[in-house]
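Grab a pencil and work through these exercises with the model open beside you. Each task comes with a step-by-step solution.

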Amino acid sequence: MTPKHQTRPVIALAPIGRVSSTQIESLATPLRKALDADVAVTAGLELPVSAFDPRRGQYLSTALLDLLARAHRPEWERLLGVADVDLYVPELNFVFGEGDPRRGVAVFSLARLRSSDEALFHRRSATEAIHELGHAYGLGHCDNPHCVMWFSNTLAESDRKGTSFCSLHAAQLTRLRGQAIHN
Ligand SMILES: [Zn+2]
Ligand SMILES: [Zn+2]
């Protein structure tokens, strides 16, 4: 039994570059619910010029993870960066985001998630945020198309999977977080 006053882990959100504050705030409730954590919005970080590839017109997501790793504080269980620029890794034409379990950081971008339907845009953002945080806790991809850890290539897949973990991933997440606490 968990005492009510037990402090919950904190997930920190850091805007990177120019990001709508409405969009950042819309993440708080879904993240709190999906990950049973408190959510804190931190000071914004500047988009590093060195992360930009002018030939591709995109930012290297791994470079944003480096930036987040430097900003990460021990009192945060995980740090999630929220950007609004197109992200890539060398082997793919784009990524929605990236997560790093070793350093406990993740990043995702709003750039490819927009919709004229504001509620759908918020839901997509929450889905990708939770997916990348899942990686930052050490989860891999899922073969259940309704699990948030399904690897989305398209917005249709992102919309289908939604913000919930399948039972296997929910159990694995609890285990990984428990290990981190007792280490
Ligand atoms: Zn993934
Ligand atoms: Zn799963």
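**Exercise 1. Find which residues of α1 are buried, and what they pack against.**

Start with the cut-offs. A residue is buried if 20 or more other C-beta atoms lie within 10 Å of its own, exposed if 12 or fewer, and partly exposed in between, with C-beta atoms placed from the backbone. Helices (H or I, at least four residues) and strands (E, at least two) are DSSP runs, numbered from the N terminus.

Step 1: in α1, the buried list holds Leu-27, Leu-31, Ala-34 and Leu-35. An α-helix has 3.6 residues a turn, so residues three or four places apart point the same way.

Step 2: look at what sits against them. The buried residues of α1 pack against β1, β2 (38–41) and α3 (118–137).

A quick word on ground rules: this is a predicted model, where local features need pLDDT of at least 70 and side-chain atom pairs count only at pLDDT 80 or more, while totals for chains, interfaces and linings use all residues. Residues are numbered from 1 along each chain as its sequence is written, and chains are lettered from A and ligands numbered from 1 in the order in which they are written.

**Exercise 2. Explain why Leu-27 counts as buried, and list what it touches.**

Step 1: place Leu-27 in helix α1 (residues 21–35).

Step 2: count neighbours. Leu-27 is buried because 22 other C-beta atoms lie within 10 Å.

Step 3: list contacts (C-beta atoms, placed from the backbone, within 7 Å). Skipping residues up to four places away in sequence, Leu-27 touches Leu-13, Ser-125, Ala-126 and Ala-129.

Step 4: try a longer reach. Leu-68 is 41 residues from Leu-27 in sequence, and their C-alpha atoms are 18 Å apart.

**Exercise 3. Check the length of α1, find its bend and look at what follows.**

Step 1: the expected span of a helix is 1.5 Å times one less than its number of residues. With 15 residues, α1 reaches 21 Å from first C-alpha to last, close to the 21 Å expected.

Step 2: for the bend, take the angle between axes fitted to the seven residues ending at a position and the seven starting there. α1 bends by about 25° at Thr-29, with a proline, Pro-30, following within four residues.

Step 3: move just past the helix. Asp-36 sits in the loop between α1 and β2, and its phi is near 50°, a positive value in a residue other than glycine. Asp-36 is partly exposed, because 13 other C-beta atoms lie within 10 Å.

Step 4: run the length check on α3. Its 20 residues should span 28 Å, and the end C-alpha atoms are 29 Å apart, which agrees. After α3 comes Gly-138, with a positive phi near 110°.

**Exercise 4. Work out which strands β5 pairs with, and whether its faces are covered or not.**

Step 1: two strands pair if DSSP finds at least two bridges between them. Strand β1 (residues 10–16) runs parallel to β5, joined by 6 bridges; Ala-14 has Gly-81 as its bridge partner in β5.

Step 2: β5 also pairs with strand β8 (residues 105–109), again in the parallel sense, over 5 bridges. Here Leu-79 is partnered by Val-105 in β8.

Step 3: check burial. In β5 (residues 78–83), 6 of its 6 residues are buried. In a regular strand the side chains alternate between the two faces of the sheet. One side of β5 has Arg-78, Leu-80 and Val-82, the other Leu-79, Gly-81 and Ala-83, and all are buried.

**Exercise 5. Lay out the sheet that contains β4.**

Step 1: the order is β3-β4-β6, an open sheet of 3 strands with mixed pairing. The edge strands, β3 (52–53) and β6 (87–88), each pair on one side only.

Step 2: β3 pairs with strand β4 (residues 58–60) in the antiparallel sense over 2 bridges, and Asp-53 stands opposite Gln-58 in β4.

**Exercise 6. Identify which residues touch the most other members of the largest nonpolar core.**

Step 1: such a core is a set of buried Ala, Val, Leu, Ile, Met, Phe, Trp, Tyr and Cys residues joined through C-beta atoms within 7 Å.

Step 2: among its 44 residues, the answer is Leu-64 and Leu-133. The largest share of this core, 6 residues, comes from α3.

Step 3: leaving aside neighbours within four places in sequence, Leu-64 is in contact with Ile-16, Ala-51, Tyr-59, Gly-81, Ala-83 and Val-107.

How values were computed
Contact = placed C-beta atoms within 7 Å.
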